[in-house]
Amino acid sequence: MKKKLVILDMGSTYTDLQERIGDFSEWIYEKVPKDLQTSTAIVSHSDFPHYARSHEISGLLITGSHDMVTDPNESHARCFETIQNLLTTQPYLPVFGICYGHQLLAHLLGGKAAAKSEGPEIGLKEISFIANDDVIFGSYSKREVAFYCVHYQCAEVLPPGAKVFASSEQEKHHAFRIRNCWGVQFHPEFPKEADLFYERVNSPIDGIEKRLLQIQEEYVDNDLIAKFCRFAAGLN
């Protein structure tokens with residue numbers, strides 16, 4: 001049985017935006033290298049427990065969600081347990097968690113997800129990357145890169161042994177790695193249209209046009225998801 005790279009869909013974006021340009025999982029899929037897309041599956045969190053029992057998985061990308069890691073419903077809780085079992089039986093399985101997925105990885109690997117005590121981080125933010133030779137973050141060493149952020153919770157405590165790779169003024173744990181698990185609090189999958197939509201929905205009216213212009217000028221595409229996919233496929 002051929003192994004599949006799995007995009008684990010933990011939730012949906014706003015309905016209006018989904019109807020226009022798709023959902024979190026589809027934005028991630030668009031950033032999977034073209035030669036790997038045929039071996040990539042999008043699986044919902046409700047279907048994942050059954051899927052994981054019947055398929056070989058080469059790597060896992062965990063999407064964002066409007067839900068909260070600290071308050072899982074029954075379907076999410078079953079999915080959490082399945083991921084936990086995979087990480088126990090395959091400790092070096094490549095996993096890449098985004099926003100909710102980042103917090104979930106921290107939670108499952110021995111850290112703690114929690115509400116941000118200082119309030120949410122929303123908007124295009126300068127993410128500062130530290131010097132490193134990491135296979136995913138290496139080309140971002142000693143750089144500040146603008147990424148869109150929208151999160152009310154965070155990975156407050158990282159798992160034992162995790163290494164921090166990025167931070168911002170409002171978030172000290174924007175990216176971490178432990179074993180072959182990477183988590184990013186920001187949204188590398190967001191197309192520009194999603195950045196603009198979330199800014200309009202989550203920001204007060206005052207100054208909105210200036211912030212939308214900032215996104216138009218500073219938005220830069222990135223290759224983080226593509227780098228992870230190639231690593232999971234054994235191509236790095």
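This section describes a strand residue, the salt bridges, one helix and the enclosed spaces of a predicted model.

A convenient place to start is Ala-41, which is part of strand β2, spanning residues 40-44. With a relative accessibility of 14%, Ala-41 falls under the 20% limit and therefore counts as buried. Once neighbours within four places in sequence are set aside, the contacts of Ala-41 are Lys-4, Leu-5, Val-6, Ile-7 and Tyr-51. Leu-224 is 183 residues away from Ala-41 along the chain, and the C-alpha atoms of these two residues are separated by 19 Å.

Turning to charged side chains, the model contains eight salt bridges. One of them joins Lys-116 to Glu-118, with 3.0 Å between the closest N and O atoms. This pair belongs to a wider arrangement, since a network of salt bridges links Lys-116, Glu-118 and Glu-171. Lys-116 has a relative accessible area of 7%, so this lysine is buried despite its charged side chain.

A second salt bridge brings together the side chains of Arg-177 and Asp-134, at an N to O distance of 2.7 Å. Distant parts of the chain are linked by this pair, the two residues being 43 residues apart. Arg-177 sits in strand β10 (residues 175-178), whereas Asp-134 is found in the loop between β6 (121-129) and β7 (144-151). Although it is a loop residue, Asp-134 counts as buried, because its relative accessibility is 6%.

The salt bridge between Lys-227 and Asp-223 has an N to O distance of 3.9 Å. Here both partners have intermediate accessibility: Lys-227 is partly exposed, with a relative accessible area of 22%, and Asp-223 is likewise partly exposed, with a value of 32%. Both values lie between the 20% and 50% limits, which means that neither residue is classed as buried or as exposed.

Helix α6 covers residues 192-202, and its buried residues are Ala-194, Asp-195, Leu-196, Phe-197, Tyr-198 and Glu-199. These buried residues pack against both helices and strands, namely α1 (15-21), α2 (24-31), α7 (208-218), β6 and β7.

Helix α6 also takes part in the lining of the largest pocket, to which α5 (100-108), β7 and α6 each supply at least two residues. The volume of this pocket is about 230 Å³. Its lining comprises 18 residues, and those closest to the pocket centre are Ser-65, His-66, Val-150, His-151 and Tyr-152. Sorted by class, nine of the lining residues are nonpolar, eight are polar and one is charged.

Besides the pocket, the structure has one cavity of 30 Å³ or more. The largest cavity has a volume of about 70 Å³. Its lining is made up of Leu-124, Ala-146, Phe-147, Tyr-148, His-187, Pro-188, Phe-190, Asp-195, Tyr-219, Val-220 and Asn-222. Strand β7 contributes three residues, the largest share of this lining. In terms of class, the cavity lining divides into eight nonpolar residues, two polar and one charged. Asp-195 thus appears twice in this account, being listed among the buried residues of α6 and among the residues that line the largest cavity. Strand β7 recurs as well: the buried residues of α6 pack against it, and it supplies residues to the linings of the largest pocket and the largest cavity.

Note on methods:
Residues are numbered from 1 along each chain as its sequence is written. This is a predicted model: local features need pLDDT of at least 70, side-chain atom pairs count only at pLDDT 80 or more; totals for chains, interfaces and linings use all residues. Side-chain values use heavy atoms; hydrogens and water are left out. Helices (H or I, at least four residues) and strands (E, at least two) are DSSP runs, numbered from the N terminus. Buried means under 20% relative accessible area, exposed over 50%, partly exposed in between (1.4 Å probe, protein chains only). Contact means heavy atoms within 4.5 Å. A salt bridge is a side-chain nitrogen of Lys or Arg within 4 Å of a carboxyl oxygen of Asp or Glu. On a 1 Å grid over the protein atoms alone, a cavity is a set of points where a 1.4 Å probe fits but cannot get out, and a pocket is an open set with protein on both sides within 12 Å along at least five of seven lines; lining residues have an atom within 4 Å of a point. Grid points are joined across faces, edges and corners, and a volume is the space filled by probe spheres set on the points.
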